[in-house]
Amino acid sequence: MGLLLQPITSDDDFKELIECEWTAYETPYNGFKEIYCPTLGTGPNAREESMKECRERQLADHKGDATSHWFKAVDSDSGQIIGGAQWNVYPENPYANGIDHIEATWWPEGEGRRFASIGMDQWFGPRGKRMNKPHVLLAICFVHPAHRRRGAGSLLLKWGMQKADELDLDTFIEAAQPGIPLYSSHGFREVEEYWIDPKVENPSDEWKQLKEKIPPIPWMFMWRPKQGRYEEGKTVPP
């Protein structure tokens, strides 16, 4: 069975893509998924309805962002989408004016929204320090758990790395722990570890329940220098 790398070109593609994303981020559990795409409610249709909201939001964000490029990894025999990646190409510094606060409006008003908003700021905040230059960013990357170790992850990296080399730009990844070995094997270097760990003074019982459901989330800021060229003691990390 072979694999194909193809751009996302239709809303129907996006439906299958986000279904794959959810499955990938649930195995193993990725806490950031619960901040950015939470399953809200407890009824039999809660997951399906929450996934629909997440899909519509991600699709709208993609269509409204000229820097966004979504790709799918496809099994050539079945035609199934088995992985996906969102690349952002920034020919200019996107953070010249700093980072805006992100309000997690996809959560209902209350402690959940407050928790998620702090988490989003902790995730995106370091971009203003580390990515304040023209660059290429791998914003999202996932592979269905039933199709891992087939080369899909490497395939999804290919387009963005080639684009970065074509434009002579640095490449960045905000990597979850399971993805670090893959990215390292393609020349990305570990720069600094960050944590998503929302905290407030005098937390409510609801806040404490959220902390139990979404424990602190480690992630690694990773960087591939221009053309993948790194000289120890000479190339300065961002």
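There are 13 aromatic pairs in this structure, and the model you're looking at is a predicted one. Below is a quick tour of two of those pairs, then a ring cluster and a couple of charges sitting over rings. A handy thing to know: an aromatic pair is described by how far apart the ring centres are and by the angle between the planes.

**Y25 with F142**
- Y25 and F142 meet edge-to-face, with 5.9 Å centre to centre and 70 degrees between the planes.
- This pair ties together distant parts of the chain: Y25 belongs to helix α1 (residues 11-26) and F142 to strand β4 (residues 135-143), 117 residues apart.
- Y25 counts as buried because its relative accessible area is 18%, under the 20% cut-off.
- F142 is buried too, at 3% relative accessibility.

**F32 with W123**
- F32 and W123 are stacked, at 4.3 Å centre to centre and with 20 degrees between their planes.
- Here, too, distant parts of the chain are linked: F32 is in helix α2 (residues 31-36), W123 is in helix α4 (residues 111-124), and the two positions lie 91 residues apart in numbering terms, that is, they are 91 residues apart.
- Both of these residues, F32 and W123, are buried.

**A cluster of rings**
- F32 and W123 also belong to a cluster joined by ring pairs, along with Y36, W106, Y194 and W219.

**Charges over rings**
- Y36, one of the cluster's residues, has R57 over its face, at 4.9 Å from the ring centre.
- K33 sits over the face of W22, at 3.6 Å from the ring centre.

Notes:
Residues numbered from 1 in each chain as written. Predicted model: local features only at pLDDT ≥ 70, side-chain atom pairs only at ≥ 80, totals over all residues. Heavy atoms only, no water. Phe/Tyr/Trp six-rings, centres within 6.5 Å; stacked < 30°, edge-to-face > 60°. Helix = DSSP H or I, 4+ residues; strand = E, 2+ residues; numbered from the N terminus. Buried < 20%, exposed > 50% of the residue type's maximum accessible area, 1.4 Å probe, protein only. Lys NZ or Arg CZ within 6 Å of the ring centre and 35° of its normal.
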